[in-house]
Structures are given as structure tokens and as C-alpha cells.
Amino acid sequence: MTTATHATRLEAGRRVFTRIVVSIDGSQQSLEAARQAALLQDVDGQLTLFSAWDIAPTIILGTGSEIPYYFDEELQRTTAEKALLAARNYIAPYTAATGKLVRGTPVAKLLEEIERDEDTL
């Protein structure tokens with residue numbers, strides 16, 4: 001009985017690590033989260049590195065003649081792409097991962113991704 005219970009718990013625990021998504025924001029902490037996820041990932045599992053970018057909401061103020069960095073779409077997208085590439089390279093010794101880059105607020109888009117792909121961790 002104990003062996004059967006242990007095996008059932010082991011299988012349930014393994015399922016948690018079959019579909020992992022990690023939000024990448026360019027920080028050292030997100031790289032470390034990706035590394036840990038790569039180590040925890042089930043042998044047959046899928047790891048997704050996820051990065052979202054967006055521009056700041058419109059504000060009514062004079063900003064001068066230059067576009068502030070938070071309104072520069074190209075800069076925001078490029079920064080997110082670089083963060084995603086850095087994370088892929090960081091975990092390359094451990095596993096291959098799917099990279100996803102989306103436009104939108106990070107929290108909302110991450111929650112949509114988790115629901116759509118039925119990620120388990």
C-alpha cells in the first residue's frame with residue numbers, strides 16, 4: 001500500500017513539471033527562474049520562455065522634442081527580444097525552450113498564456 005501511494009504521489013508531482021512557463025523581463029532573477037525551471041522540467045516536458053512588451057499609456061504632458069523611452073515601440077520590442085534571447089542562451093546547457101514574445105501588459109498576457117497552454121508551473 002505504501003509503495004502504491006508513493007508511486008501515485010511521484011506521478012502527480014511529475015505532472016506539475018510537464019508544462020512550465022517562465023516570464024522573462026531581462027533581470028538576473030528571471031534568468032535564474034528560467035535555469036531552475038530547466039532543471040525541474042520533466043524529461044518529456046515543455047518549457048516556454050515568455051516575454052511581453054508594451055508602451056506606457058498615454059499621458060498628457062509636454063515631453064520635449066524627443067520620444068521618451070517608454071513610448072518607443074521599437075525600443076520596447078527590441079529590449080524584450082534581447083531578454084528572451086539571453087534567457088534561451090542561459091538555459092541552453094540544460095534544455096531547449098520555446099520562446100514567445102507578445103505585445104501587451106505582462107501580467108495579463110502571462111495569465112492568458114497560462115490558461116491557453118494549460119501550463120502547470
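Is D117 buried or exposed? At 15% relative accessibility, D117 counts as buried. Buried here means under 20% relative accessible area; exposed means over 50%, and partly exposed lies in between, with a 1.4 Å probe and protein chains only. I'll come back to D117.

First, the ground rules. This is a predicted model: local features need pLDDT of at least 70, side-chain atom pairs count only at pLDDT 80 or more, and totals for chains, interfaces and linings use all residues. Residues are numbered from 1 along each chain as its sequence is written, and side-chain values use heavy atoms, with hydrogens and water left out.

Confidence next. pLDDT is the predictor's confidence in each residue, from 0 to 100. The chain has a mean of 83, and 76% of its residues reach 70 or more. Among the elements, helix α2, residues 28-40, has the highest mean, 96. Helix α1, residues 2-16, has the lowest, 61. Where pLDDT is low, the predicted coordinates should not be read in detail.

Now the layout. The chain has four helices and three strands. Both are DSSP runs numbered from the N terminus: helices are H or I with at least four residues, strands are E with at least two. From the N terminus, the order is α-β-α-β-α-β-α. Contact means heavy atoms within 4.5 Å. Of the contacts with a separation of 6 or more, 69% are between residues 24 or more positions apart.

On to the sheet. It is open, with three strands in the order β1-β2-β3 and parallel pairing. The edge strands are β1, 19-23, and β3, 98-103; each pairs on one side only. Neighbouring strands are turned by 25° against each other on average, direction ignored. Two strands pair if DSSP finds at least two bridges between them. β1 and β2 are joined by five bridges. One partnership there is R19 with Q46 in β2. Strand β2, residues 46-53, is joined to β3 by six bridges. S51 stands opposite L101 in β3.

Why call β2 largely enclosed by the rest of the structure? Seven of its eight residues are buried, so that description fits. Across the whole chain, buried residues make up 26% of the 121 residues.

What lies across the sheet strands? Helix α2 lies across β1 and β2, at about 170° to β1. Helix α3, residues 73-91, lies across β2 and β3, at about 160° to β2. These axes are lines fitted to C-alpha atoms, for helices over the stretch in contact, and the angles run from 0 to 180 degrees between N-to-C directions.

Next, the core. A nonpolar core is a set of buried Ala, Val, Leu, Ile, Met, Phe, Trp, Tyr and Cys residues joined through side-chain atoms within 4.5 Å. The largest one here has 14 residues. V22, I24, A34, L47, L49 and I91 touch the most other members. At least two residues each come from β1, α2, β2 and α3. Take A34: leaving out residues up to four places away in sequence, A34 touches V22, I24, L47, L49 and I91. In soluble globular proteins, nonpolar side chains tend to be buried together.

Now to helix α4, residues 106-117, where E113 lies. How accessible is E113? It counts as buried, at 1% relative accessibility. Beyond its neighbours within four places in sequence, E113 is in contact with V21, T48, F50, K100, E118 and D119.

Back to D117. D117 also lies in helix α4. Not counting residues up to four places away, D117 touches R19 and K100.

E118 comes in the segment after α4. At 62% relative accessibility, E118 counts as exposed. Its phi is positive, about 55°, although E118 is not a glycine.

One residue in strand β3 is V102. V102 counts as partly exposed, at 23% relative accessibility. With residues up to four places away left out, V102 touches F50, S51, A52, W53 and K109. V102 and E113 are 11 residues apart in sequence and 9.9 Å apart in space, C-alpha to C-alpha.

Last, the surface. The chain exposes about 8,200 Å², with carbon and sulfur atoms supplying 57% of it. Accessible areas come from the Shrake-Rupley method with a 1.4 Å probe; for residues, only the protein chains shown count as cover.
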